[in-house]
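Work through the exercises below with the sequence and the coordinates open. Each task is followed by a solution in steps.

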Amino acid sequence: MLEVTYLGHSAVRIKGSKIVFIDPFLTGNPKAALAADKITAADVVVVTHDHGDHLGDAFPIAKRTGAVVVAMHEIAIDAESHGLTAQPMNIGGTVEARGIRVHMVPALHSAGRGNPAGVVIEIDGKKIYHAGDTGLTYDLKLVGEYFHPDLSFIPIGDRYTMGPASAAKAVEFIKTKKVVPIHYGTFPLIAADPEEFKKNVGAAAEVLILKPGETIHL
Ligand code: NI
Ligand code: MN
């Protein structure tokens with residue numbers, strides 16, 4: 001049984017046989033459900049792209065816990081230069097880190113160093129897709145066809161990513177069983193309505209609207 005906790009914005013913690021953080025932007029995140037300096041255990045920290053609201057506290061968390069940073073090559077090399085253990089990768093690749101598998105998939109967005117990406121994480125027999133930041137693109141269809149995610153985290157905040165209508169179209173592509181909307185409501189510029197997203201998704205997937213700090217079991 002996996003415990004999957006939404007930490008606010010795009011930050012997610014997965015607790016199973018291993019503890020995984022994805023895009024742990026907590027410091028400076030007005031919706032953060034957890035203070036970064038309270039995190040004492042982590043095995044893997046995954047970063048989708050080099051924007052502050054995703055890279056966030058990834059390096060300090062890895063430093064404190066000894067977790068492996070799994071990220072786009074350019075970010076991972078920087079992590080290593082800071083004395084951290086990292087697994088550099090790029091779109092299309094899969095790496096194994098501390099017994100979990102991370103597949104990196106395309107995202108249509110921008111980034112500081114390297115390209116933006118999404119990730120599919122395989123842990124304890126489940127596949128969890130985190131889309132990072134992306135616009136609606138047919139590449140998402142391939143993610144669905146190839147990985148069949150059990151659970152997906154999809155940005156719906158509009159302006160920088162998909163909005164509640166286009167994100168619902170993405171859910172159709174991804175063929176995910178369950179979906180959690182993320183990347184909305186953190187700041188006024190991305191004040192989207194998750195209920196509108198849920199309505200648009202309809203019967204295509206089970207939509208789980210989580211408050212920061214809420215946990216689901218998978
Ligand atoms: Ni971004
Ligand atoms: Mn973002």
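**Exercise 1. A strand pair**

Task: In which sense do strands β9 and β10 pair, and over how many bridges?

Solution. The model is a predicted one. Take β9 as residues 117-123 and β10 as residues 126-130. Their pairing is antiparallel and runs over five bridges. To fix the register, start from Val119: the residue opposite, in β10, is His130.

**Exercise 2. The sheet around the pair**

Task: Find the order of the strands in the open sheet and state which strands stand at the edges.

Solution. Seven strands take part, in the order β7-β8-β9-β10-β11-β12-β13, and the pairing is mixed. At the edges stand β7 (94-97) and β13 (206-207). Each has a single partner strand, so one side of each has no neighbour in the sheet. A helix also has to be placed: α4 (residues 139-147) lies across β8 (100-106), β9 and β10, and runs at about 150 degrees to β8.

**Exercise 3. The edge strand β7**

Task: Describe how β7 joins β8, and sort the side chains of β7 by face.

Solution. First, the pairing of β7 and β8 is antiparallel, with four bridges. One bridge links Thr94 to His103 in β8. Next, the connection: the two strands form a hairpin with two residues between them, and Arg98 in the turn has a positive phi of about 50 degrees. Last, the faces: Val95 and Ala97 point to one face and are buried, whereas Thr94 and Glu96 point to the other and are not buried.

**Exercise 4. The nonpolar cores**

Task: Which strand gives the most to the largest nonpolar core?

Solution. The largest core has 54 residues, and Val4, Ile14, Val20 and Val46 are among those with the most contacts inside it. Strand β5 (residues 68-72) gives the most, with five residues. As a check on Val20, leave out neighbours within four places in sequence; its contacts then include Val12, Val44, Ile100 and Ile123. A separate core of 23 residues includes Ala131, Ala168, Tyr184 and Val207.

**Exercise 5. The metal pair**

Task: Which residues are the protein donors of the manganese ion (ligand 2), and why does the pair Asp53 and His183 tie together distant parts of the sequence?

Solution. The donors are Asp53 (OD), His54 (NE2), Asp133 (OD) and His183 (NE2), at 2.1 to 2.3 Å from the ion. Their spacing in sequence is D-H-x78-D-x49-H. The nickel ion (ligand 1) is 3.2 Å from the manganese ion (ligand 2), and Asp133 coordinates both. Asp53 belongs to helix α1 (residues 52-55) and His183 to the loop between β12 (178-182) and α6 (194-201), so the pair connects parts 130 residues apart in sequence. Asp53 and His183 are both buried.

Note on methods:
Residues numbered from 1 in each chain as written. Chains lettered and ligands numbered in written order. Predicted model: local features only at pLDDT ≥ 70, side-chain atom pairs only at ≥ 80, totals over all residues. Heavy atoms only, no water. Core = buried A, V, L, I, M, F, W, Y, C linked by side-chain atoms within 4.5 Å. Buried < 20%, exposed > 50% of the residue type's maximum accessible area, 1.4 Å probe, protein only. Contact = heavy atoms within 4.5 Å. Donors = N, O, S within 2.8 Å, 3.2 Å for Na, K, Ca; no water. Pairing = 2+ DSSP bridges. Axes fitted to C-alpha atoms, helices over the stretch in contact; angles between N-to-C directions.
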